[in-house]
There are 2 protein chains.
Amino acid sequence: MTISKAPPAFPRSEYLRRLTLVKSEMARRDVEALVVSDQHNITYLTGYTARSAYVPQALVILATEEEPVFILRRMDAPAAMHQCFMERDKIIAYPEELIAHPDKDGYDAIIDYVQEAGLTDKRIGIEEFSLSTLTAEKFKRRLEASNVVDCTKAVTWIRLIKSDLEIEIMREAAAISDAAIARAAEVIRSGVREADACAEIASVLIRGVNGKPGTRLEEIAICATPRTGTCHIPWAEDTFRQGSQINIELAGSRHGYCAALMRTYSIGAPSDRLRRVHDIQLEGLDAALSAVQPGATCSDVANAFYRTIEKRGLKKESRCGYAHGIGWTEPTASLRDSDMTVLQPNMTFHLMLGNWIDEEFGYVISETFRVTRTGVDVLTTAPRVIFQVS
Amino acid sequence: MTISKAPPAFPRSEYLRRLTLVKSEMARRDVEALVVSDQHNITYLTGYTARSAYVPQALVILATEEEPVFILRRMDAPAAMHQCFMERDKIIAYPEELIAHPDKDGYDAIIDYVQEAGLTDKRIGIEEFSLSTLTAEKFKRRLEASNVVDCTKAVTWIRLIKSDLEIEIMREAAAISDAAIARAAEVIRSGVREADACAEIASVLIRGVNGKPGTRLEEIAICATPRTGTCHIPWAEDTFRQGSQINIELAGSRHGYCAALMRTYSIGAPSDRLRRVHDIQLEGLDAALSAVQPGATCSDVANAFYRTIEKRGLKKESRCGYAHGIGWTEPTASLRDSDMTVLQPNMTFHLMLGNWIDEEFGYVISETFRVTRTGVDVLTTAPRVIFQVS
């Protein structure tokens with residue numbers, strides 16, 4: 001029996017549209033085949049979201065073929081047949097013997113395919129950014145080195161501009177983020193263990209809202225007193241106390257798309273310092289969002305924030321955000337000074353205004369937004385407050 | 001104010017013991033400084049578990065210094081001061097300006113440090129396996145290329161053999177895995193959404209057991225009918241039905257250490273085919289565990305399994321497991337044919353007997369075990385049954 005197809009996250013025509021954009025870029029770069037190994041680019045081009053990227057796998061896109069070929073481990077091939085939009089004969093399984101083999105790995109199977117497809121004398125693009133040096137050398141050794149062209153982030157830049165269909169999925173993810181932030185305000189209490197609050201928040205991120213579950217769980221960061229000066233700590237073994245401040249970063253996720261959101265909580269009345277920082281950051285948030293419009297640059301948005309808070313005596317060292325959507329951080333445009341990427345409709349960003357001011361004090365707020373034809377559409381809708389709980 | 005130190009997962013003496021092993025290996029390889037960028041190796045050598053590895057960060061270990069230096073992004077430095085065993089002056093923050101900088105990145109700060117420490121004419125080890133080709137080239141370009149030595153997996157192999165203290169943490173993680181597998185048997189029911197069951201399972205993995213919470217959430221795979229031939233799919237948007245089979249893979253996690261566990265569930269009586277496969281796989285599991293003892297090889301354990309099930313007419317294409325502990329898959333020894341790694345006391349493995357037999361049919365069972373002085377100690381203790389639920 002063959003495995004069934006999952007209900008697709010997007011229609012076939014949407015994947016073909018994306019592939020057309022990629023093939024145009026391949027033509028511009030004069031490459032006839034593109035090997036896509038970045039897992040988020042694979043999700044973008046096929047719908048595949050299973051978590052198998054810890055072993056070699058790649059799409060091979062030929063300029064002359066409508067559908068790409070997906071070469072992956074035998075164990076993972078049924079998931080690819082189930083999830084990908086392509087016909088099942090476009091899924092090629094390499095043998096399990098290549099896993100943890102002393103001399104070869106899955107990239108050898110991918111290079112074998114390129115050779116057998118008669119592409120040895122053609123220009124082949126690879127994504128060096130996400131390949132180890134040992135793998136990149138293998139491509140150059142086994143193919144004609146001068147024909148192996150670095151196409152790092154070629155697909156990644158294309159997916160920065162979302163379609164309306166992608167925006168709808170991100171809006172579903174954002175609704176889950178909103179619900180999880182609201183749930184945190186219900187479960188964070190003095191005397192509650194951080195882990196128990198996190199379990200409740202995770203539950204919302206998985207169950208989802210409006211009949212649409214989350215389809216994976218992204219990282220949750222809960223940085224509570226005395227850790228508000230830190231970020232990226234999932235949670236600690238502590239119990240919340242009266243006077244604790246809690247900084248939360250999370251993201252709902254649907255079909256590989258996420259929408260991140262950060263809010264700050266206080267058990268009891270916030271300190272004067274926290275209240276003052278919040279007020280200033282809110283002004284900066286408004287200024288940044290007001291600067292979003294087609295034609296403005298990422299630098300313009302960041303500097304609108306920086307200028308506003310600096311007038312009020314506050315600084316933020318880190319960037320104000322980054323391209324966001326498939327996976328958490330899309331490694332292309334950044335909302336930072338001197339990033340001259342020009343905003344275009346349906347680019348999506350996490351406006352990340354977390355500000356770790358001292359070692360022992362930080363504050364977080366953020367929104368996920370898209371650029372519209374005339375300005376900005378904020379996908380996340382949680383109240384922009386310090387959530388005061390008891 | 002300076003940030004406090006978290007209660008350490010291990011005493012200082014344990015980290016110094018690990019560093020002594022690493023320095024011996026450095027001497028054997030004749031390198032005077034080792035740059036450790038693999039996030040799990042960083043956890044092993046410092047106690048740092050925050051999730052910041054998506055940007056450059058590395059330890060620099062000098063043969064002549066007791067403590068390593070940890071160089072990471074300014075934003076993440078307070079978390080390192082909080083979690084690492086080292087004195088705070090061993091945490092070096094590089095400026096946020098290097099994030100998404102067009103020409104430089106955090107590795108430039110790491111190389112600056114190596115240069116400023118007067119090591120330019122010394123032999124420097126790097127972990128090429130986990131570095132992109134662009135980064136490896138930067139090390140060779142900015143340092144003396146002939147002095148840059150690939151030390152891929154040098155630390156990874158050392159951490160394959162756990163201390164008794166590490167085993168105790170893994171036992172705590174295994175108890176969480178056991179509880180989550182038991183919880184799944186309570187919540188998987190006909191008519192229940194996969195996401196709702198997953199939320200309950202995740203809750204146990206986060207809350208933990210015996211007063212010891214999980215300290216992060218590892219991936220959960222729930223591959224239910226019609227997806228039992230797949231693996232690595234988190235869960236689907238479906239609802240369980242009468243007759244569904246559900247394959248679950250999960251892992252409790254404590255302080256960076258996990259203990260994976262897989263079990264199969266059936267809503268209603270299992271099919272004859274499933275029951276037969278289960279019986280054969282159990283025989284194979286017993287045979288594999290019986291083969292575990294110091295002096296035996298990974299290949300011996302795997303072949304004990306393969307031979308047993310093949311006598312009963314079943315095959316498994318994939319390896320039987322892998323080194324396991326910090327992070328899910330430790331990329332060193334594999335329980336596969338012809339892996340001649342010799343078992344030693346306190347090596348830990350995930351005996352992963354998931355068997356994806358056809359596109360639309362697979363079965364899973366696994367255990368996390370350690371090698372003892374005389375045989376095997378299975379850390380996970382869930383019943384070895386097909387969990388039949390209604």
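Contact here means heavy atoms within 4.5 Å. The model is predicted: local features need pLDDT of at least 70, side-chain atom pairs count only at pLDDT 80 or more, and totals for chains, interfaces and linings use all residues. Residues are numbered from 1 along each chain as its sequence is written, chains are lettered from A and ligands numbered from 1 in the order in which they are written, and side-chain values use heavy atoms, with hydrogens and water left out.

**View 1. Surroundings of V378(A) in strand β15 of chain A.** Strand β15 covers residues 376–378. Helices (H or I, at least four residues) and strands (E, at least two) are DSSP runs, numbered from the N terminus. Which residues does V378(A) touch, not counting residues up to four places away in sequence? They are L289(A), E367(A), T368(A), F369(A) and R384(A). A174(A) is 204 residues from V378(A) in sequence. In space the two are 9.5 Å apart, C-alpha to C-alpha.

**View 2. The six-stranded open sheet of chain A.** Strands of a sheet pair through backbone hydrogen bonds, either parallel or antiparallel. Two strands count as paired if DSSP finds at least two bridges between them. The order is β4-β3-β2-β1-β5-β6 (chain A), and the pairing is mixed. β4 (91–94) and β6 (148–150) of chain A are the edge strands; each has a single partner strand, so one side of each is left without a neighbour in the sheet. From one strand to the next, the twist averages 25°. Axes are lines fitted to C-alpha atoms, for helices over the stretch in contact, and angles run from 0 to 180 degrees between N-to-C directions. β3 (residues 69–73) of chain A pairs with β4(A) in the parallel sense, over four bridges. Here R73(A) stands opposite Y94(A) in β4(A). Helix α2 (residues 39–46) of chain A lies across β1 (33–36), β2 (58–62) and β3 of chain A. Helix α2 runs at about 55° to β2(A).

**View 3. The four-stranded open sheet of chain A.** The strands follow the order β7-β8-β9-β16 (chain A), with mixed pairing. At the edges stand β7 (221–224) and β16 (387–389) of chain A; each has a single partner strand, so one side of each is left without a neighbour in the sheet. The twist averages 25° from one strand to the next. β9 (residues 257–267) of chain A and β16(A) pair in the parallel sense over three bridges. I267(A) stands opposite V389(A) in β16(A). Helix α7 (residues 164–187) of chain A lies across β8 (245–254), β9 and β16 of chain A, running at about 20° to β9(A).

**View 4. The two chains and their symmetry.** Two copies of a chain are related by a rotation about an axis and a shift along it. Chain B superposes on chain A by a rotation of 180° with 0.0 Å of shift along its axis (RMSD 0.0 Å). That is the relation of a two-fold axis. The same surface serves both copies, as 100% of the contact residues of chain B recur in chain A. Superposition is by least squares on the C-alpha atoms of residues with pLDDT of at least 70 in both copies.

**View 5. The interface of chain B and chain A.** How many residues of chain B are in contact with chain A? There are 70, and they meet 70 residues of chain A. The two chains bury about 6,200 Å² between them, 56% of it on carbon and sulfur atoms. Buried area is the accessible area (1.4 Å probe) that two parts lose on being put together, summed over both. In chain B, R207(B), H232(B) and E359(B) lose the most area to chain A, together 12% of what that side buries.

**View 6. Salt bridges between the chains.** A salt bridge is a side-chain nitrogen of Lys or Arg within 4 Å of a carboxyl oxygen of Asp or Glu. This rule finds 14 across the interface of chain B and chain A, and 87 over all chains. The side chains of E219(B) and R51(A) form one at 2.6 Å, N to O. This pair crosses from the loop between α8 and β7 (221–224) of chain B to the loop between α2 and β2 of chain A. R88(B) and E359(A) also meet through their side chains in a salt bridge (2.4 Å, N to O).

**View 7. The cis peptide bonds before P226(A) and P226(B).** Most residues other than glycine have a negative phi, and most peptide bonds are trans. A cis bond joins T225(A) and P226(A), with omega about 5°. P226(A) lies in the loop between β7 and β8 of chain A. In chain B, the bond from T225(B) to P226(B) is cis, with omega near 10°. P226(B) sits in the loop between β7 and β8 (245–254) of chain B.
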